[in-house]
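Please look over the sequence and the model together before reading on. The paragraphs below move from one side chain to its surroundings, and then to other parts of the fold.

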Amino acid sequence: QVQLVESGGGLVQPGGSLRLSCAASGNIFTINDMGWYRQAPGKQRELVATITRGDYTNLYASAKGRFTISRDNAKNLVYLQMNSLLPEDTAVYYCKAEILSGRWSPPRDYWGKGTLVTVSS
């Protein structure tokens, strides 16, 4: 079994910062790409940022210039540093990871249950 658990969400004022974390645990041989998605109320889930095992990153949409994604391969962690937060960043943020449970296992996508970020004064 593999589990992803996000943390670090909460209430923050516009212009503030938050750092989200996602920890992967369980039967893990290696983790390939990791990423953050978000889903605002009444909207579809959207991609925020991705990072490869070799630390190649991509930021999408309004995350560019404000968010940073990073990871710690030794600890199976991925982070999302969010700065200059806006009310429209309010959403549930989900972590996703492509994980191999064994050397010869096919890669599978796993999702966390999400952490709520609310940006409001």
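With which side chain does the side chain of R38 make a polar contact of 3.0 Å? In this predicted model, the partner is Y93, whose side chain meets that of R38 in a polar contact of 3.0 Å. A further polar contact, of 3.1 Å, joins the side chain of R38 to that of S62. R38 itself belongs to strand β4, and because its relative accessible area is 7%, under the 20% cut-off, R38 counts as buried. Setting aside neighbours within four places in sequence, the residues in contact with R38 include Q44, R45, E46, V48, F67, E88 and D89, as well as S62 and Y93.

R38 also leads to an enclosed space, since R38 is among the residues that line the largest cavity, together with E46, L47, V48, Y60, A61, S62 and A63. The count of cavities of 30 Å³ or more comes to 1, and the largest cavity holds about 30 Å³ of space. Strand β5, which covers residues 46-51, gives the largest share of this lining, with 3 residues. Sorted by class, the lining of the largest cavity has 5 nonpolar residues, 1 polar residue and 2 charged residues.

From the cavity we can turn to the nonpolar core. In soluble globular proteins, nonpolar side chains tend to be buried together. The largest nonpolar core here has 30 residues, and those that touch the most other members are W36, L80, M82, Y93 and I99. At least two residues of this core come from each of β1, β3, β4, β5, β7, β8, β9 and β11, while β9 gives the most, with 5 residues. One of the central names, M82, touches G16, S17, L18, L20, R66, F67, Y93 and V117, when residues up to four places away in sequence are not counted. Y93 thus appears twice in this account, as a contact of M82 and as a polar partner of R38.

Two loop residues deserve a separate look for their backbone angles. N76, in the loop between β7 and β8, has a phi near 55°, a positive value in a residue other than glycine. S84, in the loop between β8 and β9, likewise has a positive phi, near 50°, and is not glycine. Are these residues buried or partly exposed? N76 counts as partly exposed because its relative accessibility is 22%, and S84 is also partly exposed, with a relative accessible area of 41%.

Technical notes. Residues are numbered from 1 along each chain as its sequence is written. This is a predicted model: local features need pLDDT of at least 70, side-chain atom pairs count only at pLDDT 80 or more; totals for chains, interfaces and linings use all residues. Side-chain values use heavy atoms; hydrogens and water are left out. On a 1 Å grid over the protein atoms alone, a cavity is a set of points where a 1.4 Å probe fits but cannot get out, and a pocket is an open set with protein on both sides within 12 Å along at least five of seven lines; lining residues have an atom within 4 Å of a point. Grid points are joined across faces, edges and corners, and a volume is the space filled by probe spheres set on the points. Helices (H or I, at least four residues) and strands (E, at least two) are DSSP runs, numbered from the N terminus. Ala, Val, Leu, Ile, Met, Phe, Trp, Tyr, Cys and Pro count as nonpolar, Asp, Glu, Lys and Arg as charged, and the others, Gly among them, as polar. A nonpolar core is a set of buried Ala, Val, Leu, Ile, Met, Phe, Trp, Tyr and Cys residues joined through side-chain atoms within 4.5 Å. Buried means under 20% relative accessible area, exposed over 50%, partly exposed in between (1.4 Å probe, protein chains only). Contact means heavy atoms within 4.5 Å. A polar contact is a pair of N or O atoms within 3.5 Å; within protein, one must be able to donate a hydrogen and the other to accept it, and residues adjacent in sequence count only if both atoms are side-chain atoms.
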